[in-house]
Amino acid sequence: MTDPIRTVDVWRNGGPAHTDQVAVETPVALVFNGISHAVMMATPTDLEAFALGFALSEGLLLSRAECYGIEVVEGDAGIEVQIDVATAAEVRLKDQRRSLAGRTGCGLCGIDSLVRLDLSPEALVPAPWVASLTPDTVQRALAAMGGRQPINAATGACHAAGWADARGDIVDVAEDVGRHNALDKLLGRRAAAGLANGEGFVVMSSRASYELVRKCARLGVPALATISAPTSLAIDIARAAGLTLYGFVRPGQAVRYAGGDPGRPLV
């Protein structure tokens, strides 16, 4: 697999040349049963998990059981991830097919018409423990995630998605130059391991966009906390799904935009 970090020569403030480390960004094609579905710009790590997480969080697969196998093939132009899926999933994929070149900051890239937008999430199954989720818990989880981002520590160019248990202890972290990709890698790892998503929450080193909230809601994640602001649509989707959404999670601060007891203030 391609190394996610590359060393380059740089000149800082006009001084002599020295080396620096940068994050690798490479085209990754997701191919389902021989059908090319998307080309995403991504960090070349955990690509099997990325493909599975993407397929599930985009609704292309309804369950892990619909994925029969994943193979990563490197080529001169980039990396191809070949996903073998059930016939029912292939039919669904053809119905939803989109051709896109995904940029690292993409949101709804590639959706070809407004009718394809999925703005009506099903309500999440209530997770009783979420009622006890506090600002201190989400702050602690995000603070702990910082020490588990080796690629970002070396390059300063990667987002991270972390899984925290109900106590706020970080269990797993995935990194990528794209925030959506990092989330897909994290959710894909959990799906591959058969782990339930109702028993913890996601923390992210980014803003909360519509797509991140929608991916979490689709896979039954009851809460999402991000270091930066949410968008209005992210808040709307979180409230519609019954997902608890925190933003601006910093030391001594956490703003709750959705979820929890409606009788309590949101901040």
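Me: Helix axes here are lines fitted to C-alpha atoms over the stretch in contact, and angles between N-to-C directions run from 0 to 180 degrees. In this predicted model, at roughly what angle do the axes of H5 and H6 cross?

Reply: The model is predicted. Two packed helices are described by the angle between their axes and the distance between the axes. For H5 and H6 the axes come within 10 Å, and the crossing angle is roughly 10 degrees.

Me: Does that make H5 roughly parallel or roughly perpendicular to H6?

Reply: The axes of H5 and H6 cross at roughly 10 degrees. Angles under 35 degrees count as roughly parallel. Therefore H5 is, relative to H6, roughly parallel.

Me: Which residues of H6 make the contact with H5, and how many of the contact residues are charged?

Reply: From H5, the contact draws on Arg-179, His-180, Leu-183, Asp-184 and Leu-187, and from H6 on Glu-211, Leu-212, Lys-215 and Cys-216. By class, the contact of H5 with H6 has four nonpolar residues and one polar residue, and the number of charged residues is four.

Me: How is H1 oriented to H5: roughly parallel or roughly perpendicular?

Reply: The axes of H1 (residues 47-57) and H5 (residues 179-192) come within 6 Å and cross at roughly 95 degrees. The range from 65 to 115 degrees counts as roughly perpendicular. H1 is therefore, with respect to H5, roughly perpendicular.

Me: Which residues of H5 make the contact with H1?

Reply: The axes of H1 and H5 come within 6 Å. On the H1 side the contact is made by Ala-49, Phe-50, Leu-52, Gly-53, Phe-54, Leu-56 and Ser-57. By class, the contact of H1 with H5 has eight nonpolar, four polar and three charged residues. The H5 side consists of Asn-181, Asp-184, Lys-185, Leu-187, Gly-188, Arg-189, Ala-191 and Ala-192.

Me: Ala-55 is found in helix H1. What is its relative accessible area?

Reply: Ala-55 touches Phe-32, Leu-60 and Leu-61, with residues up to four places away in sequence not counted. The C-alpha atom of Ala-55 is 8.6 Å from that of Asp-184, 129 residues apart along the chain. Ala-55 is buried, and its relative accessible area is 0%.

Me: Why is helix H6 largely enclosed by the rest of the structure, and which elements do its buried residues pack against?

Reply: H6 (residues 210-218) is largely enclosed because eight of its nine residues are buried. Those buried are Tyr-210, Glu-211, Leu-212, Val-213, Arg-214, Lys-215, Cys-216 and Ala-217. They pack against H1, H5, S10, S11, H7 and S12.

Me: Which residue with a positive phi follows H6, and what is that phi?

Reply: Positive phi values elsewhere in the model include those of Asp-46 and Phe-248, neither a glycine. Asp-46 lies in the loop between S4 and H1, and Phe-248 lies in strand S12. The residue that follows H6 is Gly-220, with a phi near 75 degrees.

Me: How is the aromatic pair of Trp-129 and Phe-201 classed: stacked, edge-to-face or tilted?

Reply: The count comes to two aromatic pairs. In the pair of Trp-129 and Phe-201, the ring centres are 6.3 Å apart and the planes meet at 35 degrees. Planes under 30 degrees apart count as stacked, over 60 as edge-to-face. The remaining class, which this pair takes, is tilted.

Me: Are Trp-129 and Phe-201 buried or exposed?

Reply: Trp-129 is in the loop between S7 and H3, and Phe-201 in strand S10, 72 residues apart, so the pair links distant parts of the chain. Both Trp-129 and Phe-201 are buried.

Me: Is Gly-252 buried or exposed?

Reply: Gly-252 has its place in the loop between S12 and S13. The C-alpha atoms of Gly-252 and Asp-136 are separated by 7.9 Å, with their positions 116 residues apart along the chain. The relative accessible area of Gly-252 is 72%, and exposed means over 50%. Gly-252 is therefore exposed.

Technical notes:
Residues numbered from 1 in each chain as written. Predicted model: local features only at pLDDT ≥ 70, side-chain atom pairs only at ≥ 80, totals over all residues. Heavy atoms only, no water. Helix = DSSP H or I, 4+ residues; strand = E, 2+ residues; numbered from the N terminus. Parallel < 35°, antiparallel > 145°, perpendicular 65-115°, else oblique. Contact = heavy atoms within 4.5 Å. Nonpolar A, V, L, I, M, F, W, Y, C, P; charged D, E, K, R; others polar. Phe/Tyr/Trp six-rings, centres within 6.5 Å; stacked < 30°, edge-to-face > 60°. Buried < 20%, exposed > 50% of the residue type's maximum accessible area, 1.4 Å probe, protein only.
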